[in-house]
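Q: Please take a close look at the sheet in this structure. Walk me through how its strands are arranged and what surrounds them.

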There are 2 protein chains.
Amino acid sequence: MRMTSAAPIAADAGTEAEAEAEVEAVAPAEPARRHSEAEVAFMRRALAAAEEAAGRGEVPVGAVVTLGDEIVAVSHNERETGSDPTAHAEIVALRRAAAAVGNWRLNNADLYVTMEPCPMCAGALVNARIRRLYFGCDDPKAGAVRTLYRILDDRRLNHRVEVVPGLMAAEGATLLRSFFGRLRR
Amino acid sequence: MRMTSAAPIAADAGTEAEAEAEVEAVAPAEPARRHSEAEVAFMRRALAAAEEAAGRGEVPVGAVVTLGDEIVAVSHNERETGSDPTAHAEIVALRRAAAAVGNWRLNNADLYVTMEPCPMCAGALVNARIRRLYFGCDDPKAGAVRTLYRILDDRRLNHRVEVVPGLMAAEGATLLRSFFGRLRR
């Protein structure tokens, strides 16, 4: 697993008290490793999707699935608007990508997401046989890639996912911080 | 967490070699604890859904979501027919239940599933705030309730799910065993 630094943040709105706790949990962003132009462009698209989510009152997390040079799915968290507890950005992106290619196996696909996946989403990445995950900021409250669990790295499971953390972590964290800051006011 | 014995089984079809490994992994069922009539009836409905899945060439796992005395969702694994890597029985059931009640929070709901949930599904149960999980046989290859992980019991996450394992474990295991047995031939 390639590992670089990322800015931790938490994400689960719910109550204002919860929102306050989220904001307190945000640590300053640290500089990330060098990424290719394409990697940065794909994460920028995920960040734009996250921003859209915020505009709809959803916790701003966005995701993109790529196959080679192509984007096959873009999504954002839609748990509130969809009344769907499974509608985190990653799950929505995986479903759309699989529908687009007509196969649940996404062996050669990569997923970009603006915050570290939770156990549900990390498990889904393994189930979908995703090749590589790029994520932005860490999630100290539910991160299942390197914070609370290391599900993508578990040799007991039937697939491992390569991981590139910290891609545009500061940008991902800023979106979340200002969303929870607004909730708090 | 209430704990009783359950029959382990594995589930992820894919290749015939994999299917062979699955069948070898099946251990004999052990006697389960006493359950109420309603609990048994709900699990029987989940088993019927699992059987339907097998008829469609899907790994036979079925699930039911209940609210009080009422079933609000029934589902089975539809990963192949839906070309959806996230379409395990539990995920489909949670989405249907949330759509039925119009809220992603399923605080007072229970979920019945014929086999121990994987990390994706265990994480989804936490995200949906499910009150109690009843499951049948253990999953030695991906079980995330008590086999490989204990995600429903993790005080670092923002919700805990009560667990009743081993409910009609032998029946759940038999469905899987004969499905993988047929693949093997």
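A: Start with the sheet itself. In this predicted model, chain A holds an open sheet of five strands. Their order is β2-β1-β3-β4-β5, and the pairing is mixed. Two strands sit at the edges: β2 (70-76) and β5 (162-164) of chain A. Each of these pairs on one side only. From one strand to the next, the twist averages 20°.

Now look inside the sheet. Strand β3 of chain A covers residues 109-115, and strand β4 of chain A covers residues 132-137. These two run parallel, joined by five bridges. For one of the bridges, find Y112(A): its partner in β4(A) is Y134(A).

Next come the helices that pack on the sheet. Helix α2 of chain A, residues 37-55, touches β1 (62-67), β2, β3 and β4 of chain A. The direction of α2 makes about 145° with that of β1(A). Helix α3 of chain A, residues 89-101, also packs on the sheet. The strands α3 touches are β1, β2 and β3 of chain A. Its direction makes about 145° with that of β2(A).

Helix α2 has a helical neighbor too. The axes of α2(A) and helix α5 of chain A, residues 169-184, come within 10 Å. They cross at roughly 5°. Angles under 35 degrees count as roughly parallel, and α2(A) and α5(A) are therefore roughly parallel to each other. On the α2(A) side, the contact is made by L47(A), A50(A), E51(A) and A54(A). On the α5(A) side, it is made by E171(A), G172(A), L175(A) and F179(A). By class, these contact residues divide into five nonpolar, one polar and two charged.

Helix α3 leads on to the second chain. The contact between the chains takes 30 residues from chain A and 30 residues from chain B. On chain A, the elements that give two or more residues to the side touching chain B are α3 and α4 (119-127). Of these, α4(A) gives the most, with six residues. The whole chain A side has 17 nonpolar, seven polar and six charged residues.

How do the two chains relate? A turn of 180° and a shift of 0.0 Å along the axis lay chain A on chain B, with an RMSD of 0.0 Å. That is the relation of a two-fold axis. M120(A) comes closest to the rotation axis among the residues of chain A, at 1.9 Å for its C-alpha. Finally, 100% of the interface residues of chain A are also interface residues in chain B, so the copies meet through the same surface.

Definitions and conventions. Residues numbered from 1 in each chain as written. Chains lettered and ligands numbered in written order. Predicted model: local features only at pLDDT ≥ 70, side-chain atom pairs only at ≥ 80, totals over all residues. Least-squares fit on C-alpha atoms with pLDDT ≥ 70 in both. Contact = placed C-beta atoms within 7 Å. Pairing = 2+ DSSP bridges. Helix = DSSP H or I, 4+ residues; strand = E, 2+ residues; numbered from the N terminus. Axes fitted to C-alpha atoms, helices over the stretch in contact; angles between N-to-C directions. Nonpolar A, V, L, I, M, F, W, Y, C, P; charged D, E, K, R; others polar. Parallel < 35°, antiparallel > 145°, perpendicular 65-115°, else oblique.
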